[in-house]
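Q: I have a sequence and a 3D structure side by side. Please show me how to read such a structure, one feature after another.

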Amino acid sequence: MSDWDAWLAERSDLRAERGTERFDPVLRLGGRGAGSRDPLDLASNDYLGLSRDERVVAAAREALDRYGTSATASRLVTGTLPVHRDLEAALCGLTGQASALAFSTGYAANLGVLTALSGRGAEILLDAHAHASLHDAARMSRSPYSTFAHNDASALERELAARPDRRVVVAVESIYSVLGDAAPLRALVEVCHRHGALLVVDEAHGIGVAGHGRGLVHELGLVGARDVVVTLTLSKALGSQGGAALGSTTVRHHLVNTARSFIFDTGLAPASAAAARAAADLVADDPALAASVRANAGTIATICGIEQAAGAVQSLPMPSPKSAVAAALDLRAQGVLVGCFRPPSVPDGVSRLRITARADLAGDDLYQAARLVARAAAIHGGPPVAGTVEGPRAGDAPSPVRGLPSVAAVEGTQGPVPPSPLASIPPRGDDD
């Protein structure tokens with residue numbers, strides 16, 4: 001065994017000891033014919049069901065026929081196609097922003113924005129619960145960075161007051177992906193204005209859901225606010241792939257010239273750009289899509305006995321990583337997919353089931369699946385254990401569970417998908 005093999009084995013053993021080993025099984029087969037039913041999906045980020053919408057698929061197919069499978073080069077060489085311009089215009093129409101720049105992923109958009117807008121003489125302040133892509137971008141910026149208490153405008157005020165002569169970039173999410181809570185954006189904007197800081201708002205989980213689908217920035221009347229830049233992903237509510245940065249034309253021009261994840265990356269695939277453009281137009285034209293997400297989220301929250309979160313993701317705390325994994329595996333066996341978050345993926349150290357409300361779920365399917373989730377949580381759960389880790393370093397805390405199986409572990413070849421769970425629980429109104 002080489003030194004590298006030994007090191008890799010050691011890291012694998014450590015992950016197993018901490019209960020953080022991950023796998024990547026095939027859980028959705030994509031079949032639509034008889035006998036090929038997929039599990040009921042309460043785990044993916046396809047909030048509006050647009051990845052399967054005939055109009056979105058048709059737009060992608062048309063772009064494939066016209067442009068082929070790839071942009072074939074970076075956007076600054078020959079990779080910018082008419083479909084990219086159409087997408088950026090549609091995103092401006094949806095969000096109300098003056099200008100947009102499409103990236104190949106939401107991760108690349110966050111990386112490009114933070115590194116291009118910080119640099120020498122700047123510092124970065126992140127909300128303690130900010131997405132990993134924002135933390136990674138801060139590290140790669142080579143600027144000093146730190147965190148402030150989650151959703152705490154007063155804490156941000158103190159941090160900015162301690163840096164009176166610095167150029168500071170503040171990065172937050174509009175709606176957070178784990179707890180599902182919304183940022184106090186108006187208060188954060190006011191604090192940043194007082195101290196001359198730039199605020200970057202990641203709308204990955206807000207677009208398509210908040211503000212009649214136009215995002216939380218739009219809902220709160222902050223479109224065009226001074227020194228505010230928005231990022232988003234095209235791979236969640238917009239049912240495609242890619243990311244974007246939105247703001248003033250001056251910001252866009254700066255990113256085109258300085259964002260390395262834009263300059264040195266092949267342009268977004270034309271089919272993905274066309275699909276996202278079609279989805280953005282649909283969301284702008286049909287506020288009922290976002291309303292359906294909110295209504296379904298309310299159903300899930302009520303049945304599971306939790307407070308409804310601001311976005312599509314509803315977060316059900318579990319007492320331990322082991323109990324969260326057991327509940328998720330139990331639900332999978334019954335034909336329902338839910339997310340399972342545990343350290344180090346959770347910013348507060350609390351393991352939880354992550355349940356996604358989707359606009360395209362039928363009422364009875366949603367109701368019955370939510371009942372199954374509530375029962376699985378009750379069977380495998382209980383009150384959260386004491387001693388959870390608070391703050392941004394929660395991911396550094398090892399799990400006490402040894403040899404914990406991954407919720408994504410699947411042995412052998414993929415077997416048949418379990419039958420629909422709808423016949424396995426009592427009809428509506430049976431509140432045993």
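A: Start with one residue and its surroundings. Leaving out residues up to four places away in sequence, Asn296 touches Ala357, Arg358, Ala359, Leu361 and Leu366. Bear in mind that this is a predicted model.

Q: Where is Asn296 found? And is Asn296 buried or exposed?

A: Asn296 is part of helix H13. Its relative accessibility is 12%, so Asn296 counts as buried. The cut-off for buried is under 20%.

Q: What does helix H13 pack on? Please begin with the sheet.

A: First the general idea. Strands of a sheet pair through backbone hydrogen bonds, either parallel or antiparallel. Now the case here. Four strands form an open sheet in the order E1-E10-E11-E9, and the pairing is mixed. Strand E1 (40–42) and strand E9 (313–317) stand at the edges. Each has a single partner strand, so one side of each lacks a neighbour in the sheet. From one strand to the next, the twist averages 30 degrees. Helix H13 (residues 288–304) packs on this sheet and touches E9 and strand E11 (352–356). The direction of H13 makes about 10 degrees with that of E9.

Q: How many bridges join E1 to strand E10?

A: Three bridges join E1 to E10 (residues 336–341), and the two strands run parallel. Take one pair as an example: Leu42 has Val338 in E10 as its bridge partner. A further helix, H14 (residues 321–333), packs on the sheet and touches E10 and E11. The direction of H14 makes about 165 degrees with that of E10.

Q: What is the strand order in the open sheet of seven strands?

A: The order is E2-E8-E7-E6-E5-E3-E4, with mixed pairing. At the edges are strand E2 (99–103) and E4, and each pairs on one side only. The twist averages 20 degrees from one strand to the next.

Q: In which sense do strands E5 and E6 pair?

A: Strand E5 (residues 167–173) and strand E6 (residues 198–202) pair in the parallel sense, over five bridges. Ala171 stands opposite Val200 in E6. Helices pack on this sheet too. Helix H5 (residues 106–117) touches E2, strand E3 (122–127), E5, E6, strand E7 (228–233) and strand E8 (243–247). The direction of H5 makes about 160 degrees with that of E7. Helix H7 (residues 153–161) touches E3, E4 and E5. The direction of H7 makes about 150 degrees with that of E4.

Q: How many residues of E7 are buried?

A: Six of the six, so E7 is largely enclosed by the rest of the structure. Look at where the residues point. Val228, Val230 and Leu232 go one way, while Val229, Thr231 and Thr233 go the other way. E7 also shows you both kinds of pairing. E6 and E7 pair in the parallel sense over four bridges, and Val201 has Val230 in E7 as its bridge partner. E7 and E8 run antiparallel and are joined by four bridges. There, Thr231 stands opposite Ala245 in E8.

Q: How should I read a nonpolar core?

A: In soluble globular proteins, nonpolar side chains tend to be buried together. Here, the largest nonpolar core has 69 residues. Those with the most contacts inside it are Leu91, Leu156, Val170, Val172, Leu185 and Leu199. Helix H12 (residues 270–285) gives the largest share of this core, eleven residues.

Q: Which residues is Leu156 in contact with?

A: Set aside its neighbours within four places in sequence. Leu156 is then in contact with Leu125, Phe148, Val170, Leu188, Val191 and Cys192. There is also a second, separate core of 28 residues, which includes Leu40, Leu316, Val325 and Ala377.

Q: How many disulfides does the structure hold?

A: The structure holds zero. As for single cysteines, Cys192 is buried, with a relative accessible area of 1%. Cys340 is buried as well, at 12%.

Q: Where does Ser141 lie?

A: In the loop between helix H6 (132–140) and strand E4 (145–148). A loop residue can be buried, as here: Ser141 counts as buried at 10% relative accessibility. The side chain of Ser141 reaches the backbone oxygen of Ala138 at 2.6 Å. Not counting residues up to four places away in sequence, Ser141 touches Leu114, Thr115, Ser118, Gly119 and Ile124.

Note on methods:
Residues are numbered from 1 along each chain as its sequence is written. This is a predicted model: local features need pLDDT of at least 70, side-chain atom pairs count only at pLDDT 80 or more; totals for chains, interfaces and linings use all residues. Side-chain values use heavy atoms; hydrogens and water are left out. A disulfide is a pair of cysteine sulfur atoms within 2.5 Å. Buried means under 20% relative accessible area, exposed over 50%, partly exposed in between (1.4 Å probe, protein chains only). A polar contact is a pair of N or O atoms within 3.5 Å; within protein, one must be able to donate a hydrogen and the other to accept it, and residues adjacent in sequence count only if both atoms are side-chain atoms. Contact means heavy atoms within 4.5 Å. Two strands pair if DSSP finds at least two bridges between them. Axes are lines fitted to C-alpha atoms, for helices over the stretch in contact, and angles run from 0 to 180 degrees between N-to-C directions. A nonpolar core is a set of buried Ala, Val, Leu, Ile, Met, Phe, Trp, Tyr and Cys residues joined through side-chain atoms within 4.5 Å.
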